[in-house]
Amino acid sequence: MDAFTAGILQRIENTRSDLDHARRTGDDFLAEVEQAELDDLHRLAAEHGVHISAA
């Protein structure tokens, strides 16, 4: 796995965790921000052929 792939997968994992935390604590604004970041990371991964698990 190259550095780009490893980096984007780590960022996705971190963002998913942050999104889950925002939802659990009821921070709707932060949840929206984290969801937008996650969407952008998924788009970037797809553009570069990085497969993302559905977890």
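Let me start with Asp 20, which forms a salt bridge with Arg 24, and in this predicted model the closest N and O atoms of the pair are 3.0 Å apart. Both of these residues lie in helix H1, 4 residues apart, which is about one turn of the helix. If you look at how open the two partners are, Asp 20 is partly exposed, with a relative accessible area of 40%, while Arg 24, at 57%, counts as exposed. As background, side chains of opposite charge can pair when their charged atoms come close.

How many salt bridges does the model contain by this rule? The count comes to 3, and I would like to take the other pairs in turn.

In helix H2 we find Glu 47 and Arg 43, which are 4 residues apart, again about one turn of the helix. Glu 47 forms a salt bridge with Arg 43, and the closest N and O atoms are 3.0 Å apart. Here Glu 47 is the exposed partner, with a relative accessible area of 52%, and because its value is 44%, Arg 43 falls in the partly exposed class, which lies between 20% and 50%.

Now please turn to Glu 37, which forms a salt bridge with Arg 11, the closest N and O atoms being 3.0 Å apart. Which parts of the chain does this pair tie together? Glu 37 lies in helix H2 and Arg 11 lies in helix H1, so the salt bridge ties together parts that are 26 residues apart in sequence. Glu 37 has 29% relative accessibility and counts as partly exposed, and Arg 11 is also partly exposed, with a relative accessible area of 43%.

Let me move from the charged pairs to the nonpolar residues. The largest nonpolar core has 10 residues in all, including Ile 8, Ile 12, Leu 19, Leu 38, Leu 41 and Val 50. The elements that give two or more residues to this core are helix H1, which runs over residues 3-25, and helix H2, which runs over residues 28-47.

I will finish with one member of that core, Val 50. What does Val 50 touch, once we leave aside its neighbours within four places in sequence? Val 50 is in contact with Phe 4, Thr 5, Ile 8, Leu 9 and Ala 45, and in that list you will recognise Ile 8 and Ala 45, which also belong to the largest nonpolar core.

Key:
Residues numbered from 1 in each chain as written. Predicted model: local features only at pLDDT ≥ 70, side-chain atom pairs only at ≥ 80, totals over all residues. Heavy atoms only, no water. Core = buried A, V, L, I, M, F, W, Y, C linked by side-chain atoms within 4.5 Å. Buried < 20%, exposed > 50% of the residue type's maximum accessible area, 1.4 Å probe, protein only. Contact = heavy atoms within 4.5 Å. Salt bridge = Lys/Arg side-chain N within 4 Å of Asp/Glu carboxyl O.
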